[in-house]
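Student: I have a protein model open and I'm not sure where to begin. Could you show me how to read its charged pairs, its core and its empty spaces?

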Amino acid sequence: MKRRHWIAGMAALTALAGGGGLLWRSRTPRPVSPEDLAARFARPLSPPGAGLVVHHLGHSLVGRDMPAMLEQLAHAAGFVGHSHSSQLGWGASLRQHWEPDEPVPGFETENAHPRHRPSREALAEGHIDALVLTEMVEIRDAIRYHDSARYLALWAQAARAANPDTRIYLYETWHRLDDPQGWAARVAADLPRHWQGDILRAALGHEGSGDIRIIPGGQVLAAVIAAAGAGQIAGLSGAEDFFARTPEGAVDPIHLGDLGAYVIAAAHFATLYHASPEGLPHRLALADGSPADPLPDPAAEDVQRVVWQVVTGYAGSGVRARA
C-alpha cells in the first residue's frame, strides 16, 4: 500500500468522526431520483480479476459462519486471494458502529474471533477491496431512528477516502418470519421502498459516496424458500429448512441455520465475483472448523441455480449473466 493512501485514509477518518465531521454538509442533500438510480444500476460492474479482501460490517444476520462459507466458495472457484474480516454486534446499526461514543451491543462477544478487525482500522489501511455493510432490522426503525442513509454515506466516504477503488455493497437482509404483513410480501416490498429508496437513494445524494450496489440477500432467500415450498428443490419444503432452531426446538423467526447461511454465502459469492455458484461445493465448514449441515445432494444445484437467477436478474447487484 502506498504511504499517501494510508495518510489520506487516516486523515479522512479523523475528519469524518463524531457525527459527520468536516466532510458532512450541514444540510442533507437531496436523494438521487429513481431515474438516476435506475441509470446507475443499468451500468454493470466489471468482474473482479482476482480474489477480494472483504470486510463485513453488521450484526448476527452477517454472523461468523456466512463469511467463512463465502471464503470457501471463493477459494473453490479459484479466487484463492479471497480473505475476510468483520466487525459485528447484536442487532447493531450503521450509526452505532460509526459513532465512537455509542456502544455497539454485544461487541465483545460477537467479535471474539480471529477474523475480527476494527472497521475504521481496516478501512484506513487502504487494503479493503470490498466493503459489505448491512443495517439493523427492523429496517423501518433503523431508517426512522438511526439515520441509515447518512451513516451508509459516511462509511462509503471513509472507505473511498482510503482506497478509491473499494467496491461498496449494501447487504439486503429480511425481517421476522412472523411479521403480520407476511414475510414474503415484506421482503418483496422492502427492497424498493426501504433498501433502495429510503437508504440507498438518499445515501447516493451525498458527495463522495460513489457507487454503491446491493447484495440481494433477502430476495435470494425468499426465492429459494418459494422454490422449496413449490416442490422445486428436492428434499426441502420451505422456510423452516433454512432458519435456525431455538434451544427449545422452535423455529428461530429471524436467524438462519446452516442451510440458510449457505444460501446467503452463495448470494454474496455471485454478487462479488459475477460468477454462478453452480457446481461449487455445498459441504462446507463453519467458522470454528466444524462441518456445517449440508444441503441434500439433489438440492444443491437447484439452490445454486436460483441464487444465480436472482442475482443476475436484479440490476442493483451490478452483475450481468455472461453469455
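Tutor: Let's go through salt bridges, then the nonpolar core, then the pocket and cavities. Keep in mind that this is a predicted model.

Student: OK, salt bridges. What's the general idea?

Tutor: Side chains of opposite charge can pair when their charged atoms come close. Searching the whole structure here turns up 16 salt bridges. Take R40 and D36, whose side chains meet at 3.3 Å, N to O.

Student: How far apart are R40 and D36 in helix α2?

Tutor: They are 4 residues apart in α2 (residues 34-41), so about one helical turn separates them. D36 has 30% relative accessibility, so it counts as partly exposed.

Student: What about E102 and R95?

Tutor: Their side chains form a salt bridge too, at 2.8 Å, N to O. E102 is partly exposed, with 25% relative accessibility, and R95 is also partly exposed, at 28%.

Student: Are D179 and R186 buried or exposed?

Tutor: Both are buried. The side chains of D179 and R186 meet in a salt bridge of 2.9 Å, N to O. This pair also belongs to a network of salt bridges that links E138, R140, D179, R186 and D190.

Student: Now the core. What should I look for?

Tutor: In soluble globular proteins, nonpolar side chains tend to be buried together. In this model the largest nonpolar core has 57 residues, and W174, F242 and V307 touch the most other members. Elements that give two or more residues to this core are α3, β3 (130-133), β4 (167-171), α9 (183-204), α10 (217-229), α11 and α12 (300-313).

Student: Which element gives the largest share of this core?

Tutor: That's α11, with 12 residues.

Student: And which residues does W174 touch?

Tutor: Leaving out residues up to four places away in sequence, W174 touches L61, V137, W183, V187, G218, L221, F243, I254, L256 and I264. There is also another core, apart from the largest one, with 35 residues, including A142, I168, L170 and A203.

Student: Next, the empty spaces. How do I read a pocket?

Tutor: Ask how much space it holds, then which residues line it. The largest pocket here holds about 260 Å³ of space. Its lining has 17 residues, with S60, V62, G63, D65 and L256 nearest the centre.

Student: Which elements each supply at least two residues of that lining?

Tutor: They are α3 (65-76), β7 (251-256) and α11 (258-273). The largest share, 3 residues, comes from α11. Sorted by class, the pocket lining has 9 nonpolar, 4 polar and 4 charged residues.

Student: How many cavities of 30 Å³ or more are there?

Tutor: There are 2. The largest cavity contains about 50 Å³ of space, and its lining consists of V137, I139, E172, T173, W174, H175, R186, V187, D190 and W195. You've met some of those names already: R186 and D190 are in the salt-bridge network, while W174 is in the largest core. Helix α9 gives the most to this lining, with 4 residues. By class, the residues there are 5 nonpolar, 2 polar and 3 charged.

Student: Which residues line the second largest cavity?

Tutor: M69, L259, Y262, H282, L284, A292, D293, P294 and L295 do. The volume of this second largest cavity is about 40 Å³. Its lining comprises 7 nonpolar, 1 polar and 1 charged residues.

How values were computed:
Residues are numbered from 1 along each chain as its sequence is written. This is a predicted model: local features need pLDDT of at least 70, side-chain atom pairs count only at pLDDT 80 or more; totals for chains, interfaces and linings use all residues. Side-chain values use heavy atoms; hydrogens and water are left out. On a 1 Å grid over the protein atoms alone, a cavity is a set of points where a 1.4 Å probe fits but cannot get out, and a pocket is an open set with protein on both sides within 12 Å along at least five of seven lines; lining residues have an atom within 4 Å of a point. Grid points are joined across faces, edges and corners, and a volume is the space filled by probe spheres set on the points. Ala, Val, Leu, Ile, Met, Phe, Trp, Tyr, Cys and Pro count as nonpolar, Asp, Glu, Lys and Arg as charged, and the others, Gly among them, as polar. A salt bridge is a side-chain nitrogen of Lys or Arg within 4 Å of a carboxyl oxygen of Asp or Glu. Buried means under 20% relative accessible area, exposed over 50%, partly exposed in between (1.4 Å probe, protein chains only). A nonpolar core is a set of buried Ala, Val, Leu, Ile, Met, Phe, Trp, Tyr and Cys residues joined through side-chain atoms within 4.5 Å. Contact means heavy atoms within 4.5 Å.
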